[in-house]
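Before working through the questions, take a moment to look over the sequence and the model. The questions then move from helix packing to single residues and to the backbone.

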Amino acid sequence: MDKGTVLYGVDPLIILDHYEIDYHHSYAQDSPFFVGLTKGQLLGSRCTACGYTYATPRAHCMGCGAATSWFALPLTGRVHTFTTCHYGGEIFLKETPFTLILVEFDGADTLFLSRLKGIQPDAVRIGLPVIARFAKAPSFKVTDVWFEPADQA
Amino acid sequence: MRPVYMIGGGITKFAKAHPGKDFRLMVKEAYDYTLHDAPRLSKDMIDGAVGSYFSDHFTRQLKAASMVQDYLGLCPKPSKRIEGGGATGGLCFQSAWEAVASGRMNCCLAFGFETMSRVNTWKGNEFIALASDTNFDFPVGGFYSGYYAMMVQRHMYEFGTTVEQMAMVSVKNHANALHNPYAQKAKRLTIKQVRESPMVATPLTMEDICTMSDGAAVCLLASEELAEKVCDRPVKITGVGSGSDAMRMADRPHGKVILLPHERESDYQHLKYPGVHSFRGGRMAAKLAYEMAGIRNPLEELSFVELHDAYTSSEIQTYEDLGLCRYGDGGRFIESGVPFLPGLDYGLALPNQGQLPVNPSGGLLACGHPVGATGLMQAVFAFWQLQGTIGKHLNNERLQVKNAKRGLIHSHAGTGTYITASILEAS
C-alpha cells in the first residue's frame, strides 16, 4: 500500500527515497573456500609453479600468474594486528564493539582477516595465539569462521 | 609528451551538507570561479572534460558526469568519468594531464564532486566499505576506520609510533584550517583533546579521522602555448606518478622496500615491506613522479606537500612512502615540527617548525573529504600556493608558503589500492 511520501524539508524540498535490491551472488571459483568453512576447514591457495602460499582464496598466483591449488591452513595462528571498532558501517553498528584481526599462520605467506571473539578488547596483543571457530549453522559467508584466544581452547 | 600547465582552479566550500545545491550547481560554482580568475580564457578554448566522483551509491545517478557536462554547457565536447575510490580526484587530474600531454587536447577541464550528505554517516561508512572486497573483507565488519586502525597498530608495533604523534597531525591540520575559509572543520585542538574525543576504532579517535562532505573542485589544464596566452602565472606539472596494491590488505607481501634515490638497501635490512604498515602503491607513485620531475631528495627539493590525510595515521605513513623521512621515522618527523607551517602557534614545542609544510590547507582532516573533489581541491590549493595567490583566494596570507617553488599533491584510495602523486612547479 502506498503510504505517501515522507518530507524532510520544504525549502529546498527534501524527500525520503528508498532503495533495495537482491542479488544472485556467485562465489564462482572461490566457492570451495565457503564450502570448506561448513566442514570446519580453512582453505588457502598454494601456487603450483612458485609455491607461494596465500591464506585467502586466489585461483591464480598474484606473483607468477600460475594456477593455485587448495590446501588446508592450520586452525591456529597468531594476531598480526588488531583493532576494536566502537562504530561501524550501519549494518554492523548493532554488533559494536567488535574486534577485527589479521591472522598470521605458520606455513602461509599472507594473512587472513577475521573477527576475534571471547576476549576483552584491552587484552588483545600482537602475537596472541588464536584458534579458528566455525558456525554450526553456516550462512555461507566469510563470517562462518572467527577466532578466539587459543589458550581458552 | 609535451609540457602541461595548470591555468586555473576553483572550489566550493566543503560542508557537511549543501542541500540547496545539487552536484551540478556545486561544480558550476567552482567552474565559474575558475573562469572568473582566468578572464582571457573563453569557454570555446576548452576542448573537453574529465569528471570525477567516487560513489554511484551516494549519487544514485549513473553517468552523473554527463549531467555536469551539459549543465556547464560543454556538450558536445569530449567527456568521460574517472572513478578510483579516494584517489578519484588525483586520477582525474592525471587523466586531464594525459589529454593535454598527448596532444589530444589543448585545454582540458577536470571537475570533481561528491554529495555524501544524502545518507547518514554510518550508512555512508557502509557505502565506503563496499570499496573493500565484498566477499572477504566487508562482511567481517567492513569499516575503513577499522582497516586503518589495524594498519597503524602494526606501524606502532614495528616502529614505536605513538598515538600522541598521530594526535599532533590532527592539531596541525585543524589549526592550519583556521585560516582557510573553504575548510569544514577548523579548530584549535590539543593532543589531550584529540585523545579524549570518542574512540572510533582503537587507536583512532574521532579527531584522527576526516569527515564526509559535500563539495566540488575544478582544475583547468592547458598546453604551454595556450597557458602563455591566457594565464599570467601558469603552474607547470612536471611529474605524475601512480601506484597500486592488492585489494585485500591480507594479501600484501612482506618483501623488500622500493628504494628512492636518496635511500640504500642497508637502511631497511630487517624491514618486511609493505606488510600492512606501509603503502607500496604510494611509494611507487612517488618514485615515478620524482623520476619525471628530476627530484632526488624530496625533503630538500619540495616547498610543500598536500597529501591524503584521511587519517592522522595515514599522514604519518605517507611521510615515509613519499620519502620525506625514512620508513619508521614518520612519528618522529611530525614531532620534529618539519611538516608544520612556520610562524603559526600550534601550542606545541616544535624544534624544526616549518621546514616542509604538509597540508597547509588543513588537508582532508579539516577541509573535509568530498571524495571526487578532494584530489582536485589539493591541486587548486597547490596552484594558489605556487602562484603566490593564497592571500587573494583565502582573504589572508597566513597559509602562503613563502617563495613556494615546487609542491607535491598526493591522492589515495582504499587501503592503498590506487595512489597518485603529482608535482607542480611555479614558472
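An angle between two axes counts as roughly parallel under 35 degrees, as roughly antiparallel over 145, as roughly perpendicular from 65 to 115, and as oblique for the rest. The structure discussed here is a predicted model.

Q: How are helices α7(B) and α13(B) oriented to each other: roughly parallel, roughly perpendicular or oblique?
A: Helix α7 (residues 144–159) of chain B packs against helix α13 (residues 312–321) of chain B with the axes 10 Å apart and an angle of about 55°. Angles under 35 degrees count as roughly parallel and those from 65 to 115 as roughly perpendicular. The angle falls in neither range, and α7(B) and α13(B) are therefore oblique.

Q: Is the crossing of α7(B) and α13(B) left-handed or right-handed, and how many of the contact residues are charged?
A: The crossing of α7(B) and α13(B) is left-handed. On the side of α7(B) the contact is made by B:Y148, B:M151, B:V152, B:H155 and B:F159, and on the side of α13(B) by B:S313, B:S314, B:I316, B:Q317 and B:E320. These residues divide into five nonpolar, four polar and, as the charged share, one.

Q: How are α1(B) and α3(B) oriented to each other: roughly antiparallel or oblique?
A: The axes of helix α1 (residues 23–37) and helix α3 (residues 64–71), both of chain B, come within 9 Å and cross at roughly 50°. Since roughly antiparallel is kept for angles over 145 degrees, this crossing makes α1(B) and α3(B) oblique.

Q: How many residues in the contact of α1(B) with α3(B) are nonpolar?
A: The crossing of α1(B) and α3(B) is right-handed. In this contact B:F23, B:R24, B:L25, B:V27 and B:K28 of α1(B) meet B:A64, B:M67, B:V68 and B:Y71 of α3(B). The residues of the contact include no polar ones and two charged ones, while the number that are nonpolar is seven.

Q: Is B:S197 buried or exposed?
A: B:S197 is placed in the loop between α9 (191–196) and β5 (199–201) of chain B. The cut-off for a buried residue is a relative accessible area under 20%. With 12% relative accessibility, B:S197 therefore counts as buried.

Q: Which residue has a side chain that makes a polar contact with the side chain of B:S197?
A: Leaving aside neighbours within four places in sequence, B:S197 is in contact with B:M206, B:E207 and B:T205. The C-alpha atoms of B:S197 and B:E207 are 6.5 Å apart, although these residues are ten apart in sequence. A polar atom of the B:S197 side chain also lies 3.0 Å from the backbone oxygen of B:V194, whereas the polar contact between side chains, at 3.0 Å, is with B:T205.

Q: Which residue of chain A does B:R252 touch?
A: B:R252 lies in the loop between β8 (235–244) and β9 (254–255) of chain B, and with 1% relative accessibility it counts as buried. Its side chain is joined to that of B:T415 by a polar contact of 2.8 Å. Not counting residues up to four places away in sequence, B:R252 touches B:D245, B:A246, B:M247, B:G275, B:T415, B:G416 and B:T417, and from chain A it touches A:T110.

Q: Which residue follows B:C75 across a cis peptide bond?
A: Most peptide bonds are trans. In chain A, a cis peptide bond with omega of about -5° joins A:T96 and A:P97. In chain B, omega is near 10° for the cis bond that leads from B:C75 to B:P76.

Q: Is B:K63 buried or exposed?
A: B:K63 is not a glycine, yet its phi is positive, at about 60°. Most residues other than glycine have a negative phi. B:K63 lies in the loop between α2 (56–59) and α3 of chain B, and because exposed means over 50%, its relative accessible area of 58% makes B:K63 exposed.

How values were computed:
Residues numbered from 1 in each chain as written. Chains lettered and ligands numbered in written order. Predicted model: local features only at pLDDT ≥ 70, side-chain atom pairs only at ≥ 80, totals over all residues. Heavy atoms only, no water. Helix = DSSP H or I, 4+ residues; strand = E, 2+ residues; numbered from the N terminus. Buried < 20%, exposed > 50% of the residue type's maximum accessible area, 1.4 Å probe, protein only. Contact = heavy atoms within 4.5 Å. Polar contact = N/O pair within 3.5 Å; in protein donor to acceptor, adjacent residues only side chain to side chain. Axes fitted to C-alpha atoms, helices over the stretch in contact; angles between N-to-C directions. Left-handed = near helix turned anticlockwise from the far one by under 90°. Nonpolar A, V, L, I, M, F, W, Y, C, P; charged D, E, K, R; others polar.
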